[in-house]
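Please load the model in your viewer and keep the selection panel at hand. The tour proceeds by selections, each followed by a description of what is found there.

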Amino acid sequence: MRFETLKDLQNECEAISIFCDEYDLSCRKLDENDIDFELLKDQRIIGYAEVKGRNKTIEEAYPLPIAVRKLVKLMDKKTNPVIIWKCYDGIIYGKLEKLKGQIRIGGRKPRENSFNDIELMAYFERSKELIEKKI
């Protein structure tokens with residue numbers, strides 16, 4: 001079952017727009033069972049991005065969570081995998097292969113009909129490999 005709301009999707013679009021504007025890129029949304037976006041430069045795929053919502057300010061956002069299954073899907077793309085977290089006041093992003101984090105069981109309070117609320121998660125602390133862009 002999918003739990004993404006219209007607001008979640010709007011936040012995702014806002015985050016990828018901020019990121020693409022920063023690097024003069026365009027993007028293409030991928031299938032709902034894939035990672036979120038292809039990153040394009042002059043109509044050529046130059047990378048992939050997964051966008052996660054973070055209902056906090058940049059200052060309060062750490063540690064940054066992401067499901068390990070998402071990291072595996074993103075890394076399988078091989079070409080410049082990027083993770084972007086959308087915060088209330090901007091985005092935080094980094095290239096997956098440069099990030100170091102902790103892996104542990106985590107997630108959120110289980111919801112009815114959800115299979116992925118408690119799962120293997122990666123958590124990233126503030127580091128020089130993570131770029132913060134306030135809006």
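Begin with helix 1 and select its buried residues: N11, E12, A15, I16, I18, F19 and C20. The model is a predicted one, and every value quoted on this tour is computed from it. An α-helix has 3.6 residues a turn, so residues three or four places apart point the same way. Next, display what covers these buried residues of helix 1: the cover includes strand 1 (26-29), strand 2 (37-41), strand 3, strand 5 (81-87), strand 6 and strand 9 (131-134).

Now select the two end C-alpha atoms of helix 1. They are 26 Å apart, which agrees with the 26 Å that its 18 residues should span at 1.5 Å a residue. Moving on to the residue D24, just after helix 1, one finds a positive phi of about 55 degrees.

**E12 and its surroundings**

Return to helix 1 and select E12, which is found there. Is E12 buried or exposed? Its relative accessibility is 4%, so E12 counts as buried, the cut-off being under 20%. Add the residues that E12 contacts, leaving aside its neighbours within four places in sequence: E4, K29, D36, F37 and V51.

**Salt bridges**

Side chains of opposite charge can pair when their charged atoms come close. How many salt bridges does a search of the whole structure find? The search finds 14, and three of the pairs are visited here.

Select E38 and R28 for the first stop. Their side chains meet in a salt bridge, with a distance of 2.6 Å from N to O. Because E38 lies in strand 2 and R28 in strand 1, the pair ties together parts that are 10 residues apart in sequence. E38 is buried, with a relative accessible area of 11%, while R28 is partly exposed at 40%.

Proceed to E119 and R69, whose side chains also meet in a salt bridge (2.7 Å, N to O). E119 belongs to strand 8 (residues 118-124) and R69 to helix 2 (residues 68-76), so this pair ties together parts that are 50 residues apart in sequence. E119 has a relative accessible area of 14% and is buried; R69, at 38% relative accessibility, counts as partly exposed.

Then select K128 and E129, where the side chains form a salt bridge at 3.0 Å, N to O. K128 is exposed, with a relative accessible area of 75%, whereas E129 counts as partly exposed at 26%. To finish with the charged pairs, select E12, K29 and D36 together: salt bridges that share partners join these residues into one network. K29 and D36 are also among the contacts of E12 listed above.

**The second largest pocket**

For the last stop, select F19, Y23, V82, Y93 and K95. Of the 14 residues that line the second largest pocket, these lie nearest its centre. The volume of this pocket is about 250 Å³.

Which elements each supply at least two residues of the lining? They are helix 1 (6-23), strand 3 (44-53) and strand 6 (90-95). The largest share, three residues, comes from strand 6. Colour the lining by class to see eight nonpolar, three polar and three charged residues. One residue links this view to the start of the tour: F19, among those nearest the pocket centre, is also one of the buried residues of helix 1.

Technical notes
Residues numbered from 1 in each chain as written. Predicted model: local features only at pLDDT ≥ 70, side-chain atom pairs only at ≥ 80, totals over all residues. Heavy atoms only, no water. 1 Å grid on protein atoms, 1.4 Å probe; cavity = no way out; pocket = protein on both sides within 12 Å on 5 of 7 lines; lining within 4 Å. Points joined across faces, edges and corners; volume = space filled by probe spheres on them. Helix = DSSP H or I, 4+ residues; strand = E, 2+ residues; numbered from the N terminus. Nonpolar A, V, L, I, M, F, W, Y, C, P; charged D, E, K, R; others polar. Expected span 1.5 Å × (residues − 1). Buried < 20%, exposed > 50% of the residue type's maximum accessible area, 1.4 Å probe, protein only. Contact = heavy atoms within 4.5 Å. Salt bridge = Lys/Arg side-chain N within 4 Å of Asp/Glu carboxyl O.
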